[in-house]
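Please look over the structure below. This report covers a surface patch and one helix.

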Amino acid sequence: MSAVVSATDVRRSRVRLFIVTMLFLVTTVNYADRATLSIAGPALSKELHLDPVAMGWIFSAFGWSYVAAQVPGGWLLDRYGSRIVYAFSIIVWSLFTMMQGWVGFLGAGTAIVVLFALRLLVGVAEAPSFPANARIVAAWFPGNERGTASAFFNSGQYFATVIFAPLMGWIAHDYGWRYVFFVMGGLGVIMGLVWIKTIYGPKEHPGVNEAEFDYIKEGGALVDLDAPRDERASNSGPRWDHIRQLLSNRMMLGVYLGQYCINTLTYFFLTWFPVYLVKERGLSILQAGFVATLPALCGFIGGVLGGVISDYILRKTNSLTMARKIPIVGGMLLSMSIIACNYVDGQALVVGFMALAFFGKGIGALGWAVVSDTSPKEAGGVSGGLFNTFGNLSSITTPIVIGYILAATGSFNGALVFVGANALVAAIAYLVVVGKIERVVLKRSS
């Protein structure tokens, strides 16, 4: 007995769920490696005799090179594909993270210079990571699942703190700050090796069946994005004119401004937050590592919820603009509750307002979904690189500005107002500047 089974009768494989889980895990390790210095910071600064301004500059080292390498990193992704470039990125940034543990064996002056240089190198190596995430989501997910997928991998930044802040705090407390870098760097190398063995594009992945492939393709997934080079057009790849056109697009400029302000909250959390808990609120570094998990957990829940809400609105209204703007604007307004920490004394209330602020930040952190929605197919990596360039300028400005505020006032009050004000500007950028959210169509240069 034989029968013809149509593609619609075949149960779809769910390889895309494995793909986004890998993106989530890699992003978790990525942000844990960025946060190593903030956990090790109190003990490290004491040993190397660093004042707040010096710590602010060292915190910012990652950002200088990370921002500078965004567009080149995006170009590499468009030229050579996400799989290989990302694997190389993971392994290299992890090795540089591991090497930071050795600076404690150097003289104080030399240690500061070497630490700054290693943080610069970590920034260069991590540059392709988030543009690659956006490209992979664009290739693997239909439009009506892209918000949830992007929010899920992006929520790894909060999950990193939930899992690794207590671990790193314990390591720093019991074994010394050097071992924070050794352990996290080694974990990253392992993750890079797993990545290269498991990640492929939709057309090459051995586990995807025809039903799933057709579903994601018909839903708008860019399944040819990382096809082998011999399958691409000979003139494919990014051009300098693509950058000019993206920078002259009002919608994209509004998105870039919004991401800069949203990331100000991120980099306060990744750099000064543990120091705030230790210096301003009197916690030990071990206590700070555990206390930081509650705001991070709320950020994680908000991050996943924001994507679910966004895709629900998209299905109900068929309006991409409403689906992305409502959670972003609402989340940023909620994030302004961070300022309330200046007006309460109890540690429980401080942690509660911080948790509320990062819950809002998680809901509003849909920028990478917007990038996947709007990036032109021929310049997805460069588009993501530009977005991350503007967004991560805050990785430079936030730690430095807060360092100078602390040096001038001796208090974090002004710093929290600075962070809350950026959340307000992000909401205004999406309300006033962005306008309609739609995919950018690049003009062919003559």
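Which helix gives the largest share of the nonpolar patch? The answer is α8, with 3 residues. The model is predicted.

**The patch**

L167, W170, Y175, Y179 and V183 make up this nonpolar patch on the surface. Together they have about 490 Å² of accessible area. Two helices, α8 (156-175) and α9 (178-198), supply at least two residues each. Y179 sits in α9. Its relative accessibility is 44%, so Y179 counts as partly exposed, since that class lies between 20% and 50%.

**Helix α20**

The table gives the basic values for this helix.

| Feature of α20 | Value |
|---|---|
| Residue range | residues 413-434 |
| Length | 22 residues |
| Span, first C-alpha to last | 31 Å |
| Expected span at 1.5 Å a residue | 32 Å |
| Bend at I428 | about 25° |

The span of α20 is close to the expected one. The helix nonetheless bends at I428, by about 25°.

Many positions along α20 are listed as buried, including A415, L416, V419, G420, N422 and A423. Further along, A426, A427, A429, Y430 and V434 are buried too. An α-helix has 3.6 residues a turn, so residues three or four places apart point the same way.

What covers the buried residues of α20? The cover includes α12 (250-280), α15 (320-335) and α16 (347-364), along with α17 (367-374) and α19 (394-409).

Just after α20 comes G435, which takes a positive phi of about 70°.

Notes: Residues are numbered from 1 along each chain as its sequence is written. This is a predicted model: local features need pLDDT of at least 70, side-chain atom pairs count only at pLDDT 80 or more; totals for chains, interfaces and linings use all residues. Side-chain values use heavy atoms; hydrogens and water are left out. Patches are made of residues with over 30% relative accessible area and no salt bridge: like charges are joined within 9 Å, nonpolar side chains (Val, Leu, Ile, Met, Phe, Trp, Tyr) within 5 Å. Accessible areas come from the Shrake-Rupley method with a 1.4 Å probe; for residues, only the protein chains shown count as cover. A salt bridge is a side-chain nitrogen of Lys or Arg within 4 Å of a carboxyl oxygen of Asp or Glu. Helices (H or I, at least four residues) and strands (E, at least two) are DSSP runs, numbered from the N terminus. Buried means under 20% relative accessible area, exposed over 50%, partly exposed in between (1.4 Å probe, protein chains only). The expected span of a helix is 1.5 Å times one less than its number of residues. The bend at a residue is the angle between axes fitted to the seven residues ending there and the seven starting there. Contact means heavy atoms within 4.5 Å.
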